[in-house]
Amino acid sequence: MPRATASRRLANGFTPYALTATASAGYTTFTDIADKDRTDAWSVSIWLKISNTTSVTFGRLKVAGVPLGWEIQYTADTGLDLVIASTAANLLRKRIPFSILKLGTYQHVTFTIDGSAAAAGVLGYLDGVLVTTTTITDNLITSSLGGAVNLTAGARQGGSTGIVGQYLYPRVHTRVLTADEIADMFYENKAAAVQYEWNMSDGSGSTLTASVGGVNGTITSATWTSTVVPRASLSFIPNFQ
């Protein structure tokens, strides 16, 4: 049975590095990776501290021409959505509602996708706990989500629709994570089934070095920031040089 997450003890915080965008133009570009099809089972997670500005936080959605791919979008006063699209009409959109988000505070966000291509197969977690999500669109009927587009954190590819705030530990996972595994990421920073990860502790200048997956990122207009994340273990403190 999943552990009772409410009984787990929170540490005071940890102090990693994050990337900060003071305007909606700070982002990190990776290569054409993390291409997922509609029948793939996988998960995606990220720590976010964002303002009430419509933005793309993490993903690889090609919007020029026919939309293809996936991304986590925030819409001001509305909520945080996982979008998986094969055309403008053929897409899946599942929302963590605005009412439970804490803007201006770090929150850990996870979506799990079971490969059914149905909205019922997408679950959302906030700060390690399964939350009630809303299905906005449930029409992912075309199989191919391919298309040349770079995975990007902090904005869409090319820097459009960027966040105002901070982000760290973007991760793509190879399977559906369990509730216990997601709680472990929040409370203890123990991540399972990681395909790609950038822990913000390695890199310099405009290079963000991968901690898992071997694909470095290129930083544009975002700045390295020592920050405090209040809801996770003190057991890890990155050694940034």
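Are tyrosine 196 and tryptophan 198 buried or exposed? Select them to begin: both tyrosine 196 and tryptophan 198 are buried, where buried means under 20% relative accessible area, exposed over 50% and partly exposed in between, with a 1.4 Å probe and protein chains only.

Before moving on, note that this is a predicted model, in which local features need pLDDT of at least 70 and side-chain atom pairs count only at pLDDT 80 or more, while totals for chains, interfaces and linings use all residues. Residues are numbered from 1 along each chain as its sequence is written, and side-chain values use heavy atoms, with hydrogens and water left out.

Turn next to the rings, of which the structure holds seven aromatic pairs; rings of Phe, Tyr and Trp (its six-membered ring) pair if their centres lie within 6.5 Å, and planes under 30 degrees apart count as stacked, over 60 as edge-to-face and the rest as tilted. Phenylalanine 186 and tyrosine 187 form an edge-to-face pair, at 4.8 Å centre to centre with 75° between the planes, and both of these residues are buried. By contrast, the pair of tyrosine 196 and tryptophan 198 is stacked, at 6.2 Å centre to centre with 10° between the planes. Add Trp47 and Tyr106 to the selection, since with Phe186 and Tyr187 they form one aromatic cluster.

Finally, colour the chain by pLDDT, the predictor's confidence in each residue, from 0 to 100: the protein chain averages 86, and 87% of the residues score at least 70. Over residues 232–241 pLDDT stays under 50, as it does over residues 1–12. Where pLDDT is low, the predicted coordinates should not be read in detail.

Technical notes. Contact means heavy atoms within 4.5 Å.
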